[in-house]
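Colleague: Could you walk me through this model and tell me how each label is earned? I would like to see the reasoning, step by step.

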Amino acid sequence: MSEADGEGYLSRLADEMEAVQLQMGAELIGHARLMLGDRKTDARELRYLSNRLIEALQDALRIAESRGGRLPVPDEPESDGPAQTEEGAE
């Protein structure tokens, strides 16, 4: 199978890496909830946590963009009549 169908070696490797990144993000969320519930958490720890959450969010966005870029674009549906305006949509 070729890379074009999403079943090649690089596609599988990317899927595995994405799964690891998403799992790490889920674990980080659990850790963040514990830290935020602990009144003893100091500002330094919260800054560190914030940076890790930013990294996890960047990974999630990268994954979403990558997967969205691999989705086929549907053909434009053919119109049977005039386009509906905002006023006609109400």
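Modeller: Gladly! Keep in mind that this is a predicted model. Let's begin with arginine 62 and aspartate 59, which are joined by a salt bridge.

Colleague: What makes arginine 62 and aspartate 59 a salt bridge?

Modeller: The rule asks for a side-chain nitrogen of Lys or Arg within 4 Å of a carboxyl oxygen of Asp or Glu. In this pair the closest N and O atoms are 2.8 Å apart, so the pair meets the rule. As general background, side chains of opposite charge can pair when their charged atoms come close.

Colleague: Where do arginine 62 and aspartate 59 lie?

Modeller: Both are in helix α2, 3 residues apart, which is about one turn of the helix.

Colleague: Why is aspartate 59 called buried?

Modeller: Buried means under 20% relative accessible area. Aspartate 59 has 19%, so it is buried. Its partner arginine 62 has 47% and therefore counts as partly exposed, because that label covers values between the 20% and 50% cut-offs.

Colleague: How many salt bridges are there by this rule?

Modeller: The count is 2. Arginine 52 and glutamate 55 also form one, with an N to O distance of 2.8 Å. These two residues also lie in helix α2, 3 residues apart.

Colleague: Are arginine 52 and glutamate 55 buried, partly exposed or exposed, and why?

Modeller: Arginine 52 has a relative accessible area of 23%, so it is partly exposed. Glutamate 55 is at 39%, so it is partly exposed as well.

Colleague: What makes you say that the charged end of arginine 52 sits over the ring of tyrosine 48?

Modeller: The distance part of the test is within 6 Å of the ring centre, and the direction must be within 35 degrees of the ring normal. The charged end of arginine 52 is 4.5 Å from the centre of that ring, and it is listed as sitting over the ring.

Colleague: Why does tyrosine 9 count as exposed?

Modeller: Exposed means over 50%, and tyrosine 9 is at 54%, so the label fits. Tyrosine 9 belongs to helix α1, residues 9-37. Together with Leu10 and Leu13, Tyr9 forms a nonpolar surface patch with about 330 Å² of accessible area.

Colleague: How do you know that alanine 56 comes close to residues far along the sequence?

Modeller: Alanine 56, in helix α2, is 31 residues from glycine 25 in sequence, yet their C-alpha atoms are 5.2 Å apart. Leaving aside neighbours within four places in sequence, alanine 56 is in contact with Gly25 and Leu28.

How values were computed. Residues are numbered from 1 along each chain as its sequence is written. This is a predicted model: local features need pLDDT of at least 70, side-chain atom pairs count only at pLDDT 80 or more; totals for chains, interfaces and linings use all residues. Side-chain values use heavy atoms; hydrogens and water are left out. Patches are made of residues with over 30% relative accessible area and no salt bridge: like charges are joined within 9 Å, nonpolar side chains (Val, Leu, Ile, Met, Phe, Trp, Tyr) within 5 Å. Accessible areas come from the Shrake-Rupley method with a 1.4 Å probe; for residues, only the protein chains shown count as cover. Helices (H or I, at least four residues) and strands (E, at least two) are DSSP runs, numbered from the N terminus. Buried means under 20% relative accessible area, exposed over 50%, partly exposed in between (1.4 Å probe, protein chains only). Contact means heavy atoms within 4.5 Å.
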